[in-house]
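Got a minute to poke around this one with me? Let's go through some of its side chains and backbone quirks, question by question.

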Amino acid sequence: MSHRNDAALWSGLFRISADSGQTLQAQIRQAIVAAILDRQIAASMPLPSCRILADKLGVARGTVVIAFQQLVDQGFLVARERRGHFVNPQVLATPGKPAAKTDIAPSGINWKARRRVAASDMPRPLKRDNWIASTYPFVYGQFDPNLFPTAEWRECNRMALAVLEIRNWASDVVDRDDPLLIEQIQARLLPRKGIFANPDEIIVTLGAQNALYMLATLLMGKGSRVAMENPGYPDARAIFTLAGAAIDPVPVDANGLVVSDIPDDSGFVFTTPSHHCPTMVPMTQERRQALIASAIANDQIIIEDGYDSQLVDQAPQQALKSLDRSGRVVYVGSMSKTLAPGLRLGYIVASADLIAELRALRRFMMRHPPANNQRAVALFLSLGHHEALVRRMSNAYEERRQRLVQATSTFLPDWQTHDPAGGTSVWLEGPGDTDTRAVAEAAAQRSVLVEPGDRFFVGENKPKRFMRLGISSIGLQQIEPGIRELAAATVGRRQVAA
């Protein structure tokens, strides 16, 4: 290792920030561990004393003392009497990070030619990596940091990390789920949707998309046909297509999926009856009864996605699954919209025989979702935090939705607003010549994020005049000025087009 003077080394090593989200002590340990493993500190080079380093970083001496002691306990440092702290030579004896190699030629392998699943050919999601930095984020499926129950979630994670709890979830449970989480889903979540299920009729998944992928992998293949709403959920359409199934698009009207247009020879029907994706229209009771009757008559399996059904809204509807007496309805639920999308936790409710098959399949895919996350969510449910959160979010979203509808009526009067009760988004239809992709690009220049609606449709000539505006991540006071900016972007875009 080339030796630099100590001052240059230590000034470049530590980047301590009170805004990093990590404690100062943890940041000090991370910096030292990274420097050791990257071979930036020689075994012969003493680290600065605790007093000197504390003065240099502007932290308490005790903070540095604790950090050094933990690194000694972990074997990264050794303390030598009267000489200070040094890197443990045994750590340096292990292989370090390899140097970057720039002379390796590409493999030349055509991986696209070798693939058997064309995942990269499917429509890409609308990426919003830095949505939180936007002034007016009308994005769907993201969370509001101001509504997230940080203190309650931390409490449940701390409880899940108690010694006895760790013993419960740290071992490999193979294909089983956390029994407390299953119990809470059974007792707290499903009855609100009119579903009553036994524990062997529930399996935990890594969100709704993982649930759909498992169902497609298990039940579908080349020759399968899936009737789907058009417009409809694009990722579900892609998942079924990747499994080899053909998609039968079915129109949607003010009453939901048009059941009479479902082909008799479709083996599956995928639907979002609580709030249709993306128009948010709920399926009427008459259509629900007709759909189940049609599925029985044509020997079809219904996959019900409980899309946007977690909140309490003005027109609550029980799940389609609650009407099913034939075992044909498979219910897919998610906790992403009420907790956080990054948590990736959902579930499937179906006949015990199907759940047993899914459990066997899941064992080969991932064994089970992380047990510590399952236990933390189970505790969150059992302590009533989720119920309180749902009430708080439902009230906030209802107020935001009304404000959004009022603002669009005022500032976008030539746009039609589809405003069913409840939900976390609003579906807009612009004048016939509107191109919402162009509108979205112009709006983004004004720090307004919206979602063009053409991605929800099937076919070559997808309508371009639709747009979805989410309300889960934008504050109430930002909605009206955001719509004003969107209206300005729309007018500007038309002037350019003209």
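Q: Is Trp-153 buried or exposed, and at what relative accessible area?
A: This is a predicted model, so the figure is computed from predicted coordinates. The cut-off for buried is under 20% relative accessible area. Trp-153 falls below that and counts as buried, at 16%.

Q: Which geometry do the rings of Trp-153 and Phe-380 adopt?
A: Their centres are 5.9 Å apart, and the planes meet at 70°. Planes over 60 degrees apart get the edge-to-face label. So the pair Trp-153 and Phe-380 is edge-to-face.

Q: How many residues apart in sequence are the parts that this pair ties together?
A: Trp-153 belongs to helix α7 (residues 150-160), while Phe-380, buried with a relative accessible area of 0%, belongs to helix α14 (residues 371-382). The ring pair therefore links parts whose separation in sequence is 227 residues.

Q: What kind of aromatic pair do Phe-457 and Phe-466 form?
A: Centre to centre they are 5.5 Å apart, with 35° between the planes. Under 30 degrees would be stacked and over 60 edge-to-face, with the rest counted as tilted. Phe-457 is buried at 10% relative accessible area, and Phe-466 is buried at 9%. The label for Phe-457 and Phe-466 is tilted.

Q: Which residues form one aromatic cluster with Phe-457 and Phe-466?
A: The structure holds seven aromatic pairs. Phe-457 and Phe-466 are paired with each other. The cluster they sit in also takes in Trp-427 and Phe-456.

Q: Where does the charged end of Arg-468 sit?
A: A charge counts as over a ring if it is within 6 Å of the ring centre and within 35 degrees of the ring normal. Arg-80 gives one such case, over the face of Phe-86 at 4.7 Å from the ring centre. For Arg-468 the distance to the ring centre is 4.0 Å, and the ring is that of Tyr-140.

Q: What is the nearest side chain of opposite charge to Arg-288, which is buried yet has no salt bridge?
A: Arg-288 is in helix α12 (residues 285-297). A salt bridge needs a nitrogen within 4 Å of a carboxyl oxygen. The nearest candidate is 5.0 Å away, and that is Glu-304.

Q: Which backbone oxygen does the side chain of Arg-288 reach?
A: Setting aside neighbours within four places in sequence, Arg-288 has contacts including Ser-274, Met-283, Gln-317 and Leu-323. Pro-273 is on that contact list too. At 3.2 Å, the backbone oxygen reached is that of Pro-273.

Q: How far apart in space are Arg-29 and Phe-68, C-alpha to C-alpha?
A: Arg-29 lies in helix α2 (residues 24-37) and is partly exposed at 23% relative accessible area. Beyond its sequence neighbours within four places, it touches Ala-67, Gln-70 and Leu-71. Phe-68 is 39 residues from Arg-29 in sequence, yet the C-alpha distance is 7.5 Å.

Q: Which residue does a cis peptide bond join to Asn-230?
A: Most peptide bonds are trans. Here omega is about 5°. The partner lies in the loop between β5 (225-230) and α11 (234-242), and its name is Pro-231.

Q: What is phi of Ser-447 near?
A: Most residues other than glycine have a negative phi. Ser-447 sits in the loop between α16 (436-444) and β14 (448-449), and is partly exposed at 22% relative accessible area. Its phi is positive, near 65°.

How values were computed:
Residues numbered from 1 in each chain as written. Predicted model: local features only at pLDDT ≥ 70, side-chain atom pairs only at ≥ 80, totals over all residues. Heavy atoms only, no water. Phe/Tyr/Trp six-rings, centres within 6.5 Å; stacked < 30°, edge-to-face > 60°. Helix = DSSP H or I, 4+ residues; strand = E, 2+ residues; numbered from the N terminus. Buried < 20%, exposed > 50% of the residue type's maximum accessible area, 1.4 Å probe, protein only. Contact = heavy atoms within 4.5 Å. Lys, Arg positive; Asp, Glu negative; His and termini not counted. Polar contact = N/O pair within 3.5 Å; in protein donor to acceptor, adjacent residues only side chain to side chain.
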